[in-house]
Amino acid sequence: MTISEQKVQMRLNDIKEKIQKAQLRFNKNNEDDKKVELVAVSKTHGVDEIEQAIKADQKVFGENRVQEAYEKWPELKEKYSDIKLHLIGPLQTNKVRDAVALFDVIETVDREKLARKLRAEMDIAKKELDLFVQVNIGQESQKAGIAPQEAVEFVKRCRNDYGLNIIGLMAIPPVNKAAGPYFAQLAQLAKEAQLENLSIGMSKDFEIAIYIGANYVRVGSAIFGKRISQ
Ligand SMILES: *Cc1c(COP(=O)(O)O)cnc(C)c1O
């Protein structure tokens, strides 16, 4: 094993341990025992690095761009059939067909036009993906996501009008503020929308997210190291 392989594996094990500990603390308070799924965010990292994580038994990965995912994942998914790939970045309607073909979960459903297009393309592909609605929880103009006050109603429309399998809410809180209150607000919206899954928490705040009830955490740089761009 090379040194860089060891590094990814060590970091992965470290994160998994922290997740387990955070989960124990969460469960003690809530007597709930949902399992936390680690989504390893491999954007900007190459096939070799990703394979190191796969060899360390990581099966769930996240990418934020459809095109970049196509440069890396068709080959990897062929080779390792039990991989689950999540789209965690904004999705343009002209890329929905490609996204439906490659991804297993799309976490960024945030507008009616996209919901409609997903319905149409999943029908054509005869493939039903699990989906999250992304909420712009900090109401930031530069961020994607449905406004918090419209989120519950939007989830209902996705289900009732388009028959989408919405399984949870996803959000990225503002960078320079404490994430906890935003996570808590998202958890409240999920409850109102009767959704069980929360995709919150990244390298810097996944433990806080788990205390608040996250069961999908999206961790990139703490596993693969610093990204040069994005
Ligand atoms: C990049 C990215 C992450 C991972 O961020 P890190 O800070 O590297 O852990 C999580 N979620 C989304 C939506 C991202 O774009």
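Reader: How does the shell around the ligand divide into nonpolar, polar and charged residues?
Author: This is a predicted model. In it, the shell around the ligand has six nonpolar, three polar and three charged residues.

Reader: Which residues are around the ligand?
Author: From the earlier part of the chain, Val41, Lys43 and Ile88 are among them. The list also includes Met170, Ile172, Met202 and Ser203. Then come Arg218, Val219, Gly220, Ser221 and Arg227.

Reader: OK, polar contacts. What does the side chain of Lys43 have within reach on the ligand?
Author: An oxygen atom of the ligand. An N or O atom in the Lys43 side chain is 2.7 Å from that oxygen.

Reader: And the side chain of Arg218, which ligand atom is that?
Author: A nitrogen atom. The distance to an N or O atom in the Arg218 side chain is 2.9 Å.

Reader: Ser221 next. Where on the residue is the atom that lies 2.8 Å from a ligand oxygen?
Author: In the backbone. A backbone N or O atom of Ser221 lies 2.8 Å from an oxygen atom of the ligand.

Reader: How much of the ligand's exposed area does the protein bury?
Author: The protein buries 90% of it. Taken alone, the ligand exposes 390 Å².

Reader: Which pocket is the space taken by the ligand?
Author: The largest pocket.

Reader: Switching to Gly225. Where does it lie?
Author: In the segment after α9, which spans 221-224.

Reader: Is Gly225 buried or exposed, and why?
Author: Gly225 is buried, because its relative accessible area is 10% and the cut-off for buried is under 20%.

Reader: How far is its C-alpha from that of Ala171?
Author: The C-alpha atoms of Gly225 and Ala171 are separated by 22 Å. Along the chain, the two residues are 54 apart.

Reader: Now helix α2. Which of its residues are buried?
Author: Ile50, Glu51, Gln52, Ala53 and Ile54. The helix covers residues 47-55.

Reader: What is phi like at Asp57?
Author: Positive, near 80 degrees. Asp57 follows α2.

Reader: Gln139, what about phi there?
Author: Also a positive value in a residue other than glycine, near 50 degrees. Gln139 sits in the loop between β5 (130-134) and α6 (148-160).

Reader: And Gln194, where is that found?
Author: In the loop between α7 (180-192) and β7 (197-199). Phi of Gln194 is positive, near 55 degrees.

Reader: Why does Gln194 count as exposed?
Author: Because its relative accessibility is 67%, and exposed means over 50%.

Definitions and conventions: Residues numbered from 1 in each chain as written. Predicted model: local features only at pLDDT ≥ 70, side-chain atom pairs only at ≥ 80, totals over all residues. Heavy atoms only, no water. Near = heavy atom within 4 Å. Polar contact = N/O pair within 3.5 Å; in protein donor to acceptor, adjacent residues only side chain to side chain. Areas by Shrake-Rupley, 256 points an atom, 1.4 Å probe, with all protein chains shown as cover. 1 Å grid on protein atoms, 1.4 Å probe; cavity = no way out; pocket = protein on both sides within 12 Å on 5 of 7 lines; lining within 4 Å. Sits in = over half its atoms within 2 Å of the grid points. Nonpolar A, V, L, I, M, F, W, Y, C, P; charged D, E, K, R; others polar. Helix = DSSP H or I, 4+ residues; strand = E, 2+ residues; numbered from the N terminus. Buried < 20%, exposed > 50% of the residue type's maximum accessible area, 1.4 Å probe, protein only.
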